[in-house]
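Open the model in your viewer and show it as a cartoon. Keep the selection tool ready for the stops below.

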Amino acid sequence: MTIPVKQLSDPVVRAFVTALNANDETALFGVLAPGATMSDDGSDRDVRQWLDKEVFASRGHMDVESEADGGRSLVATYRNDTWGEMRTKWVFTVDGGKVSRFETGQA
């Protein structure tokens, strides 16, 4: 069973997931702090390049299964046209109402 995005606890994480699922580049980058960083399976990546490839160009989508740490840690089924579907974990660092870092990888 998935958690509806509108019920995610942290408003910034909720905005991130909403924008990602809508493939809304403007909204997603609007949620990220200037200089935001990220990692995928433990390796730091360029945020812009990673989002372009793994989300926008390949129609990425998250179905959240569970949340922890006040909504800043998610387990989700993530799918895109490149990799198909996989169970993933997402951990967000939020500062000043923006995501300053997110880490994702297979759960």
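Select V94 and V99: V99, in strand 6, is the bridge partner of V94. This is a predicted model, in which local features need pLDDT of at least 70, side-chain atom pairs count only at pLDDT 80 or more, and totals for chains, interfaces and linings use all residues. Residues are numbered from 1 along each chain as its sequence is written, and side-chain values use heavy atoms, with hydrogens and water left out.

Now show strands 5 and 6 whole. They run antiparallel and are joined by eight bridges. Strands count as paired if DSSP finds at least two bridges between them. Strands are DSSP runs of E with at least two residues, helices runs of H or I with at least four, both numbered from the N terminus. Move to the turn: strand 5 and strand 6 form a hairpin with two residues between them. Pick G96 there; its phi is positive, about 60°.

Stay on V99 and add L32, whose bridge partner in strand 6 is V99. Strand 1 pairs with strand 6 in the parallel sense, over five bridges.

Next, follow strand 1 (residues 32-40) to S39. Is S39 buried or exposed? It is buried, at 4% relative accessible area (buried is under 20%, exposed over 50%, partly exposed in between, with a 1.4 Å probe and protein chains only). Show its contacts (heavy atoms within 4.5 Å). Leaving out residues up to four places away in sequence, S39 touches D44, R45, R101, F102, E103 and T104.

Now select the aromatic rings. The structure holds ten aromatic pairs. Rings of Phe, Tyr and Trp (its six-membered ring) pair if their centres lie within 6.5 Å; planes under 30 degrees apart are stacked, over 60 edge-to-face, the rest tilted. Zoom in on W50 and W90: their ring centres are 6.2 Å apart and their planes at 75°, so the pair is edge-to-face. W50 lies in helix 3 and W90 in strand 5, so the pair ties together parts 40 residues apart in sequence. Both W50 and W90 are buried. Widen the selection to F16, W50, Y78, W90, F92 and F102, which ring pairs link into a cluster.

Last stop: the lining of the largest pocket. Its residues divide into five nonpolar, five polar and three charged. Ala, Val, Leu, Ile, Met, Phe, Trp, Tyr, Cys and Pro count as nonpolar, Asp, Glu, Lys and Arg as charged, and the others, Gly among them, as polar.
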